[in-house]
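Work through the exercises below with the sequence and the 3D structure open. Each task is followed by a solution in steps.

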Amino acid sequence: MTQGLTCSCGAVAAGDAWACAKRGGDDQDHVLALPMPEWSVDEGSSQPFVRYRRMLRSWVEAGDDSWFVDEVGRLDAAVAGVDGHGFEVTPCSEFLVGERIITVKDETDNVSGSHKARHTFGLMLHLLIRQRRAGAGAERPPLAIASCGNAAVAAAVVAAAERWPLTVYVPEDPEAAVVARLRELGATVEFCPRVDGEEGDPSYLRFQEAVGAGAVPFGCQGPDNGYTIDGGRTLGYELAEQAPDIDRVYVQVGGGALAASVAQGLAIGKSQAALVAVQTEGCAPLARAWKRTAELGGLEEARQQRSAVMWPWTPTPASAASGILDDETYDWAAVTEAMATTGGHPVVVPEPVVTEACEVGRSATGINVSPTGSAGLAGLLCDDPPADAKPAVLFTGAQR
Ligand SMILES: Cc1ncc(COP(=O)(O)O)c(C=O)c1O
């Protein structure tokens, strides 16, 4: 068994642990962190999990390059069988938006219609490595995720490619089209009504119970599964290579794994871009945490007293950018650290700008982006950087 990851609390996890064992036992923040590898690119491939494999933790743990490349190819072909195509480096181009030239990284045609499958494909590689290590006939633990949006679909596509059983925990009133797609993909959909006297999101609570009973956290949030950042970083690697001259990147933040992954990929790629984290005024727990972190004396202090920095947003979050309404920014510490080290900051967007940015972005680029997917552009419009700035945004999800 390879060595486990180190948690932000300092504890070293067991080699097979997806999350820190101390999580929930105290008021510290607990997120397993992946080591930062040296930049290394296989220029012969445009499949991100092959091109950047030497920077993937899964590749290190596999310890067998030719097996790894074959396995990525096999899994990618299976994903293509389910979703129509596999992974390719996604387009990144400059567009004139209003009077500005903006670099736009387009994830809308990626597997499952968003960047999220990068996280779940990366997790599946870890599962396949563990399965190989355990030997033929080893039992496959069930997979679990709490989501009713792009993350759930991304999990279901990748799970379906491996025919690996997945349960998706959804709220009582999920979007019908998403539920239909999840069922089409063979996922078990578990509806989670509110329970009297119970605090917190019932789908997340049921998900946690499933994980407690042995299911693998197969989602896109660092505290539940530190390895989810592994595949997510490929988006940062691509951006570092495709747009080496950008000086800032506006990233929409829900749970925060996207921004954490992209920032780490950019840092490994020696990008000079500052991270600007974007939320909407209907749900901005990260901007609040940024302020609280400064008040508490810095990130180290803040990490010791999580409940003084991060708590559920009230009232019930609402925005047209419905994919970034996580009432807590689970990966707040990694995103805060990245903003601080790159000279970035948070931006909170008024709701009218969310829809305006989506319209402007769609007409300037011709990309079928959703309001969640273009929320980074909304942040840029509000932030209004100097005219000579070289900004980038990520169009992370298609309008369904
Ligand atoms: C299209 C899209 N963009 C961005 C995000 C935000 O990602 P994260 O929750 O990792 O911050 C989401 C999350 O659901 C999403 O669906």
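**Exercise 1. The surroundings of one helix**

Task: State which elements are included in what covers the buried residues of H12, and name those buried residues.

Solution. The model is a predicted one.

Step 1. The cover over the buried residues of H12 includes the helices H9, H10 (285-296) and H11 (299-304), together with the strands S10 and S11.

Step 2. The buried residues of H12 are Trp-332, Ala-333, Ala-334, Val-335, Thr-336, Ala-338, Met-339 and Thr-342.

Step 3. H12 spans residues 332-342, and 8 of its 11 residues are buried, so the helix is largely enclosed by the rest of the structure.

Step 4. After H12 comes Gly-343, which has a positive phi near 80°.

**Exercise 2. The sheet of six strands**

Task: Give the strand order of the open sheet formed by 6 strands, and find its edge strands.

Solution.

Step 1. The order is S3-S4-S12-S9-S10-S11, and the pairing is mixed.

Step 2. Strand S3 (92-97) and strand S11 (345-349) are the edge strands, since each of them pairs on one side only.

Step 3. On average, neighbouring strands of this sheet are turned by 30° against each other when direction is ignored.

Step 4. S3 and S4 run antiparallel and are joined by 6 bridges. Glu-94 has Thr-103 in S4 as its bridge partner. The two strands form a hairpin with 2 residues between them, and Gly-98 in the turn has a positive phi of about 60°.

Step 5. S4 and strand S12 (residues 391-395) run parallel, with 4 bridges joining them. Here Thr-103 stands opposite Ala-392 in S12.

Step 6. In strand S4 (residues 100-106), 5 of the 7 residues are buried, so S4 is largely enclosed by the rest of the structure.

Step 7. Strand S9 (residues 248-252) and strand S10 (residues 274-280) run parallel and are joined by 5 bridges. Val-249 has Leu-275 in S10 as its bridge partner. H9 packs on the sheet, where it touches S9 and S10, and its direction makes about 155° with that of S9.

**Exercise 3. One residue of S10**

Task: Is Thr-280 buried or exposed, and which residues does Thr-280 touch?

Solution.

Step 1. Thr-280 lies in strand S10.

Step 2. A residue counts as buried if 20 or more other C-beta atoms lie within 10 Å of its own. Thr-280 has 28 C-beta neighbours inside 10 Å, so Thr-280 counts as buried.

Step 3. Leaving out residues up to four places away in sequence, Thr-280 touches Ser-319, Ala-321, Ile-324, Val-349, Glu-351, Val-354 and Ala-375.

Step 4. Gly-343 is 63 residues from Thr-280 along the chain, and the C-alpha atoms of the two are separated by 21 Å.

**Exercise 4. The sheet of four strands and its helices**

Task: Give the order of the open sheet of 4 strands, then describe how H5 and H6 lie to each other.

Solution.

Step 1. The order is S7-S6-S5-S8, with parallel pairing.

Step 2. Strand S7 (188-192) and strand S8 (216-217) are at the edges; each has a single partner strand, so one side of each is left without a neighbour in the sheet.

Step 3. Strand S5 (residues 143-146) pairs with S8 in the parallel sense over 2 bridges. Ala-144 has Pro-217 in S8 as its bridge partner.

Step 4. H5 lies across S5 and strand S6 (166-171), and runs at about 165° to S6.

Step 5. The axes of H5 and helix H6 (residues 176-184) come within 9 Å and cross at roughly 10°. Angles under 35 degrees count as roughly parallel, and H5 and H6 are therefore roughly parallel to each other.

Step 6. In this contact, Ala-152, Val-153 and Ala-156 of H5 meet Val-178, Arg-181 and Leu-182 of H6. These residues divide into 5 nonpolar, no polar and 1 charged.

**Exercise 5. The shell around the ligand**

Task: Which residues come nearest to the ligand, and which helix gives the most to the shell around the ligand?

Solution.

Step 1. There are 20 residues around the ligand, and Gly-254, Gly-255, Gly-323, Thr-396 and Gly-397 come nearest.

Step 2. Helix H5 (150-162) and helix H9 (257-268) each supply at least two residues of the shell. H9 gives the most, with 3 residues.

Step 3. By class, the shell has 7 nonpolar, 12 polar and 1 charged residues.

How values were computed
Residues numbered from 1 in each chain as written. Predicted model: local features only at pLDDT ≥ 70, side-chain atom pairs only at ≥ 80, totals over all residues. Near = placed C-beta within 6 Å. Nonpolar A, V, L, I, M, F, W, Y, C, P; charged D, E, K, R; others polar. Pairing = 2+ DSSP bridges. Axes fitted to C-alpha atoms, helices over the stretch in contact; angles between N-to-C directions. Contact = placed C-beta atoms within 7 Å. Buried ≥ 20, exposed ≤ 12 C-beta atoms within 10 Å, placed from the backbone. Parallel < 35°, antiparallel > 145°, perpendicular 65-115°, else oblique.
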